[in-house]
Amino acid sequence: MANTTVPAELINTATPLGRRNILINGDFGIYQRAQQVTDIGATASEYYTADRWLLEPQNTSGRLTMTAGTADAPPESNVTTSLKLDCTTADTSIAANEYMVLGQKLEGFDVQQFKKGTSGAKQFTLSFWVKGNASVNYVAELFDHDNSRQISKTFAVTSSWSKVEITYPADTTGAFGNDANNSLSLFIWLVAGSSYSGGTLNSSAWAGAVAANRAAGADNFFSSTSNELYITAVQLE
């Protein structure tokens with residue numbers, strides 16, 4: 001009988017590793033609704049262009065254009081498209097209850113690998129490429145809807161493409177529901193009134209959600225009609 005033993009090195013290269021990135025459409029290359037939507041800001045949260053990506057403006061007089069699948073991406077990212085946000089109407093007087101976030105919501109089924117709420121809880125690593133028209137800071141938040149817990153980190157944007165890598169610590173408190181309900185959301189805070197930014201950024205450890213601590217330090221995307229934001233290759237693992 002022929003020897004059917006498979007060399008170990010072939011087993012290692014053939015074994016599926018699973019889907020490391022739990023986010024979907026991180027390169028913004030799929031946009032079944034529309035490639036571009038203008039005058040966003042007049043309504044509340046909506047999926048306007050890129051599949052799975054939510055843009056939620058709240059109580060703002062600022063307006064923007066959202067374009068998915070733009071042919072602008074850094075070669076190092078290994079993707080060819082990005083999402084572009086372009087401020088078209090400025091809002092320089094931000095009300096306390098005003099905000100705007102870009103985000104994606106994840107089902108409990110999709111996040112069990114983090115083992116949150118157990119002694120074996122894993123860290124979260126978020127990475128993406130980003131650029132704008134000037135040097136600004138925004139906030140990337142992970143929000144646990146099952147247990148009303150969250151953690152936020154600031155990141156810098158410049159006028160050139162740069163890669164952002166953020167590690168969030170493991171959380172041994174509060175397990176995600178193992179179901180199809182929204183358990184975890186990624187929110188990128190681009191505008192935050194004092195109700196969401198007037199406290200101290202909760203950046204060192206997961207904690208019970210306090211609204212004022214969620215987006216402290218976020219700059220105002222609506223500060224000028226010159227403001228742009230490009231983002232691509234978004235990954236959470």
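In the predicted model, Thr 49 lies in the loop that runs between β1 (36-40) and β2 (54-58). Although placed in a loop, Thr 49 has a relative accessibility of 0% and therefore counts as buried, the limit for that class being under 20%. When residues up to four places away in sequence are set aside, the contacts of Thr 49 include the run Tyr 31, Gln 32, Arg 33, Ala 34, Gln 35, Gln 36 and Val 37, and they extend to Met 66, Ala 68 and Leu 83. Of these partners, Met 66 and Ala 68 fall within the span of β3, residues 63-70, whereas Leu 83 falls within that of β4, residues 82-89.

The strands on either side of this loop, β1 and β2, belong to two open sheets, described here in turn. Strands of a sheet pair through backbone hydrogen bonds, in either a parallel or an antiparallel sense. In one sheet, six strands follow the order β1-β3-β4-β12-β6-β9 with antiparallel pairing. Its edges are formed by β1 and β9 (162-168), each of which pairs on one side only, and the twist from one strand to the next averages 25°. At the β1 edge, the antiparallel pairing of β1 with β3 extends over three bridges, and within this pair Ile 40 stands opposite Leu 64 of β3.

The other open sheet, likewise of six strands, has the order β2-β5-β10-β7-β8-β11, and its pairing is antiparallel. The edge positions are taken by β2 and β11 (207-208); each has a single partner strand, so one side of each is left without a neighbour in the sheet. Strand β10 (residues 182-192) is placed between β5 and β7 in this order, and ten of its eleven residues are buried, so that β10 is largely enclosed by the rest of the structure. On one side, β10 pairs with β5 (residues 99-107) in the antiparallel sense over nine bridges, with Gly 103 standing opposite Phe 187 of β10. The antiparallel pairing of β10 with β7 (residues 136-144) is made through six bridges, and here Val 139 faces Trp 189 of β10 as its opposite residue. Strand β7 also pairs with β8 (residues 149-157), again in the antiparallel sense and over nine bridges, an arrangement in which Asn 137 stands opposite Ala 156 of β8.

The largest pocket of the model encloses about 160 Å³ of space. Its lining consists of Gly 26, Asp 27, Glu 76, Ser 77, Val 79, Ser 127, Phe 128, Trp 129, Lys 163, Ala 233 and Gln 235. Two elements, β6 (124-132) and β12 (228-236), each give two or more residues to this lining, and the largest share, three residues, comes from β6. Both β6 and β12 are members of the sheet that begins with β1, where they stand next to each other in the strand order. In chemical character, the lining of the largest pocket divides into four nonpolar, four polar and three charged residues.

Among the lining residues, Ser 77 is found in the loop between β3 and β4 (82-89). Its relative accessible area is 10%, and Ser 77 is therefore classed as buried, below the 20% limit. Outside the residues up to four places away in sequence, Ser 77 touches Trp 129, Thr 232 and Ala 233, and of these Trp 129 and Ala 233 also appear in the lining of the largest pocket.

Notes
Residues are numbered from 1 along each chain as its sequence is written. This is a predicted model: local features need pLDDT of at least 70, side-chain atom pairs count only at pLDDT 80 or more; totals for chains, interfaces and linings use all residues. Side-chain values use heavy atoms; hydrogens and water are left out. On a 1 Å grid over the protein atoms alone, a cavity is a set of points where a 1.4 Å probe fits but cannot get out, and a pocket is an open set with protein on both sides within 12 Å along at least five of seven lines; lining residues have an atom within 4 Å of a point. Grid points are joined across faces, edges and corners, and a volume is the space filled by probe spheres set on the points. Helices (H or I, at least four residues) and strands (E, at least two) are DSSP runs, numbered from the N terminus. Ala, Val, Leu, Ile, Met, Phe, Trp, Tyr, Cys and Pro count as nonpolar, Asp, Glu, Lys and Arg as charged, and the others, Gly among them, as polar. Buried means under 20% relative accessible area, exposed over 50%, partly exposed in between (1.4 Å probe, protein chains only). Contact means heavy atoms within 4.5 Å. Two strands pair if DSSP finds at least two bridges between them. Axes are lines fitted to C-alpha atoms, for helices over the stretch in contact, and angles run from 0 to 180 degrees between N-to-C directions.
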